[in-house]
Amino acid sequence: MATVTEVEAPPIAPRPAEKPPRKRGRLVPYWLLLPGLLWLVVFFALPMVYQASTSVQTGSLEEGFKVTWHFQTYWDALTDYWPQFLRSVLYAGAATVLCLVLGYPLAYLIAFRAGRWRNLIMILVIAPFFTSFLIRTLAWKTILADGGPVVGALNSLHVLDVTSWLGFTSGDRVLATPLAVVCGLTYNFLPFMVLPLYTSLERIDGRLHEAAGDLYARPITTFRKVTFPLSMPGVVSGTLLTFIPASGDYVNADLLGSTDTRMVGNVIQTQFLRILDYPTAAALSFILMAAILIMVTLYIRKSGTEDLV
């Protein structure tokens, strides 16, 4: 009877030792980051350092400015122009709320109901960016003109009586009032609210809405329990992208408002370009930046979206 002979397996050759990555390969990511870092240093860090040194200088344009570490400029700027700071926060906050109220339904429509019209509506949302910011703001002077159809309709509906009682308008006119400034801010920064909201809503899985319907949830309950919580990153991103530039804007207050509606951006622009008081202008800029940074940090922590996704 034949016997089966065992065949020995050939010996496995040892794997060659892996070579350590080259030093040049490890530096590739840093070389790729270098252009962006240089851009930030040249156009952000250095101007910030220069403005910080300007804010603690004393002197005049004729005699020259010298760094004397005069921190009293910050206190003087805050005590002299606190109404403009408060007005900037109120106007920017009102515009942000209006952008959210107007932008959320529009973003919801584009994400879930637009169908084949989605691209067209998105183009209409982005189209204002093809026109100059200044021209768009000047157009609102015509829209809100005293003898225009908009003001006439508001007068017929007695809306201006209510807004005048609330202090948003003055008499039978809208121009040169807080309402005109807020309307201009809302219009100009509305796309900054719609686009993040659309991006966040578009990523929501539609099967979640179907599951909520299968569990007999009403549409309002589905929106409150499913849609809105999942869209919070877009809400936070949109409100930040709207509030931050709106609080430092000066074009809308200058063209649509009056001396009683001046924001802190108008004061900074006047101090830099007309009065030529560079230390005060720099101090105002740093105070505004610090205030916005504090408010944004508190807002993000309160909303629970430290990691925006």
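**Close-up 1. Helix 4 and helix 12 pack against each other in this predicted model.** From helix 4, the residues S88, V89, A92, G93, T96, C99, L100 and Y104 take part, and they meet V235, T239, T242, F243, A246 and S247 of helix 12. By class, this contact divides into eight nonpolar and six polar residues, with no charged ones. Helix 4 spans residues 82-113 and helix 12 spans residues 232-247; their axes cross at roughly 145° and come within 9 Å. If you are wondering about the hand of this crossing, helix 4 and helix 12 cross in the right-handed sense.

**Close-up 2. Helix 14 meets helix 15 in a left-handed crossing.** Here we have moved on to residues 264-273 (helix 14) and residues 278-303 (helix 15), whose axes lie 8 Å apart at an angle of about 155°. Because of that angle, helix 14 runs roughly antiparallel to helix 15. To find the contact, look for V264, V267, I268, Q271 and F272 on the helix 14 side, and for Y278, T280, A281, A282, L284, S285 and L288 on the helix 15 side. Nine nonpolar and three polar residues make up this contact, and no charged residue is part of it.

**Close-up 3. D146 and R173 form a salt bridge between two loops.** The closest N and O atoms of the pair are 3.2 Å apart. D146 sits in the loop between helix 6 (133-143) and helix 7 (149-156), while R173 sits in the loop between helix 8 (159-166) and helix 9 (178-202), so the salt bridge ties together parts that are 27 residues apart in sequence. Both ends can be placed by their accessibility: D146 is partly exposed, with a relative accessible area of 39%, and R173 is partly exposed too, at 32%.

**Close-up 4. D205 and R207 join their side chains in a salt bridge.** The N to O distance for this pair is 2.7 Å. D205 counts as partly exposed, its relative accessibility being 33%, whereas R207 counts as exposed at 60%. For the wider picture, a search of the whole structure finds two salt bridges; the pair of D146 and R173 is one of them, and the pair of D205 and R207 is also one of them.

**Close-up 5. S200 is a buried residue of helix 9.** Its relative accessibility is 6%, which means that S200 counts as buried. What surrounds S200, leaving aside its neighbours within four places in sequence? The contacts of S200 are L230, S231, P233 and G234. One of these sequence stretches will look familiar from the first close-up, since helix 12 covers residues 232-247.

**Close-up 6. W69 and H158 have positive phi values, although neither is a glycine.** W69 has phi near 55° and is found in the loop between strand 2 (64-67) and helix 3 (72-80). The side of the story told by accessibility is that W69 counts as exposed, at 61%. H158 has phi near 60° and belongs to the loop between helix 7 and helix 8.

Notes:
Residues numbered from 1 in each chain as written. Predicted model: local features only at pLDDT ≥ 70, side-chain atom pairs only at ≥ 80, totals over all residues. Heavy atoms only, no water. Axes fitted to C-alpha atoms, helices over the stretch in contact; angles between N-to-C directions. Helix = DSSP H or I, 4+ residues; strand = E, 2+ residues; numbered from the N terminus. Parallel < 35°, antiparallel > 145°, perpendicular 65-115°, else oblique. Left-handed = near helix turned anticlockwise from the far one by under 90°. Contact = heavy atoms within 4.5 Å. Nonpolar A, V, L, I, M, F, W, Y, C, P; charged D, E, K, R; others polar. Salt bridge = Lys/Arg side-chain N within 4 Å of Asp/Glu carboxyl O. Buried < 20%, exposed > 50% of the residue type's maximum accessible area, 1.4 Å probe, protein only.
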